[in-house]
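I am opening my notebook for a first look around this structure. My plan is to look up the open spaces, then the cores, then a few backbone oddities.

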Amino acid sequence: MQFQQLQYFVAVAEARHFTRAAELVHVAQPSLSQQIKALERELGADLFQRARGNITLTDAGEALLPLARRILADTETARYEVQELVQLRSGRVRLGATPSLCTGLLPDVLRAFHDRYPGIRLLIEEGGSHDLVRELARGALDLALVVLPLPTPSPALTTVELLREDLVVVSSPEASKPGDGRRTVRIADLERERLVMFRHGYDLRELTVAACRGEGFEPDFAVEGGEMDAVLGFVRAGLGVAVVPRMVAARSGRGLRVTPLARPGLHRTIALAHRSDVAPPRAARELQRMLLER
């Protein structure tokens, strides 16, 4: 099995068309077809069902695809690792983070990293912890900031706890203060509030809904389905209140009233994760160090 054959296989699997796949990998279509047939002979199974104008994966092809993608991703990571200069003047870091961490934690750390290593490209992918864990596992990310506990525990990942962050309630200054005007808001007080809620798959959504149910009620959503910026915008407009991380509230405080949650409150644990079987590239390890020492 050759690396080039796997590259051609993934191209056909994604394009679902031999000619377009050949264009993507810059090779003549007959050569690509010959390499795919050679790969199928070696594996002893057809990878594609070929019908005029309709290319689909067989069961064998479906099984091979995630493995081939991981091999290609690991090979690309190895290439970047070797190409990095000793002084970290070139290279890249592929970092995943939840949207709230991109808003709250990362800007200062990434600015410090960029000032020290201006030649390192920073590629940021936003997503929920579940999506980020999947991207780490398939080799598409070097590091990810995730919320613990992980939605699906993975023995293939190494996680290091980074911080424990309080959650707070944000509301419009023009609206009535939540919690009957007290200095803190109890979870039970949210039963009388309409919430601006994040989309499904958002760690903050699951945490808030679980806390409300723990107090014996289902939260009432005024608006749901937004990302962090949209949620904060809807709160500023007076559509409802939201439960957000303290760091996000501190950075986005203009036009928002911030009220702490009464003890024991709500918290979330942020961890830095990477694959256990592959060491992150050198530039990623340096960013990891800066995050842990922040």
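**Entry 1: the second largest pocket.** I began with the second largest pocket, which has a volume of about 190 Å³ in this predicted model. I found 13 residues in its lining, with V147, L148, P149, D203 and E206 nearest the centre. Which elements supply at least two residues each of this lining? I noted β5 (143-148), α8 (203-214) and β11 (267-275). Helix α8 gives the largest share, four residues. Sorting the lining by class, I got eight nonpolar, two polar and three charged residues.

**Entry 2: a cis bond by that pocket.** I stayed with P149, since this residue is among those nearest the centre of the second largest pocket. P149 sits in the loop between β5 and β6. I looked up the peptide bond from L148 to P149 and found it cis, with omega near -5 degrees. I wrote a reminder in the margin: most peptide bonds are trans. I then turned to a second cis bond, the one from R263 to P264, with omega near 5 degrees. P264 belongs to the loop between β10 (257-260) and β11.

**Entry 3: the largest pocket.** Next I went to the largest pocket, which holds about 410 Å³ of space. Of its 18 lining residues, Q7, V10, L72, A73 and E76 are the closest to the centre. Three elements, α1 (3-15), α4 (59-83) and β3 (92-97), each bring at least two residues to the lining. I asked myself which element gives the largest share of the lining. My answer is α4, with six residues. By class I noted eight nonpolar, three polar and seven charged residues.

**Entry 4: the cavities.** How many cavities of 30 Å³ or more are there? I recorded two. The largest cavity has a volume of about 100 Å³. Its lining includes D74, T77, R94, H274 and R275, and the elements giving two or more residues to this lining are α4 and β11. I met both elements earlier: α4 at the largest pocket and β11 at the second largest pocket. The lining of the largest cavity divides into five nonpolar, three polar and four charged residues.

The second largest cavity contains about 40 Å³ of space. Among the residues lining it I listed T98, P99, Y202, D203 and R268. Here α5 (99-104) and α8 each supply at least two residues. I was pleased to see D203 again, as D203 also lies among the residues nearest the centre of the second largest pocket. The lining of this cavity has three nonpolar, four polar and two charged residues.

**Entry 5: the cores.** I then looked up where nonpolar side chains gather. The largest nonpolar core has 30 residues, and V170, L190, F198, M228, V244 and L261 have the most contacts inside it. The elements that each supply at least two residues of this core are β6 (157-171), β7 (194-198), α8, α9 (228-236), β9 (242-245) and α10 (246-251). I picked L190 for a closer look. Setting aside residues up to four places away in sequence, L190 touches V169, V185, L195, C212, F217, V241 and V243. A second, separate core has 25 residues, and I noted L88, V93, A97 and L110 among them.

**Entry 6: A137.** I checked A137, which lies in helix α7 (residues 129-137). Buried or exposed, or in between? A137 counts as partly exposed because its relative accessible area is 26%, and the partly exposed range runs between 20% and 50%. Apart from neighbours within four places in sequence, A137 is in contact with R70 and R275. I had already listed R275 in the lining of the largest cavity.

**Entry 7: two positive phi values.** My last stop was the backbone. Most residues other than glycine have a negative phi. I noted R16 with phi near 55 degrees, a positive value. R16 is in the loop between α1 and α2 (18-24), and is partly exposed at 35% relative accessibility. H26 has a positive phi too, near 60 degrees. This residue lies in the loop between α2 and α3 (29-43). H26 counts as exposed because its relative accessibility is 74%, and exposed means over 50%.

Notes:
Residues are numbered from 1 along each chain as its sequence is written. This is a predicted model: local features need pLDDT of at least 70, side-chain atom pairs count only at pLDDT 80 or more; totals for chains, interfaces and linings use all residues. Side-chain values use heavy atoms; hydrogens and water are left out. On a 1 Å grid over the protein atoms alone, a cavity is a set of points where a 1.4 Å probe fits but cannot get out, and a pocket is an open set with protein on both sides within 12 Å along at least five of seven lines; lining residues have an atom within 4 Å of a point. Grid points are joined across faces, edges and corners, and a volume is the space filled by probe spheres set on the points. Ala, Val, Leu, Ile, Met, Phe, Trp, Tyr, Cys and Pro count as nonpolar, Asp, Glu, Lys and Arg as charged, and the others, Gly among them, as polar. A nonpolar core is a set of buried Ala, Val, Leu, Ile, Met, Phe, Trp, Tyr and Cys residues joined through side-chain atoms within 4.5 Å. Buried means under 20% relative accessible area, exposed over 50%, partly exposed in between (1.4 Å probe, protein chains only). Contact means heavy atoms within 4.5 Å.
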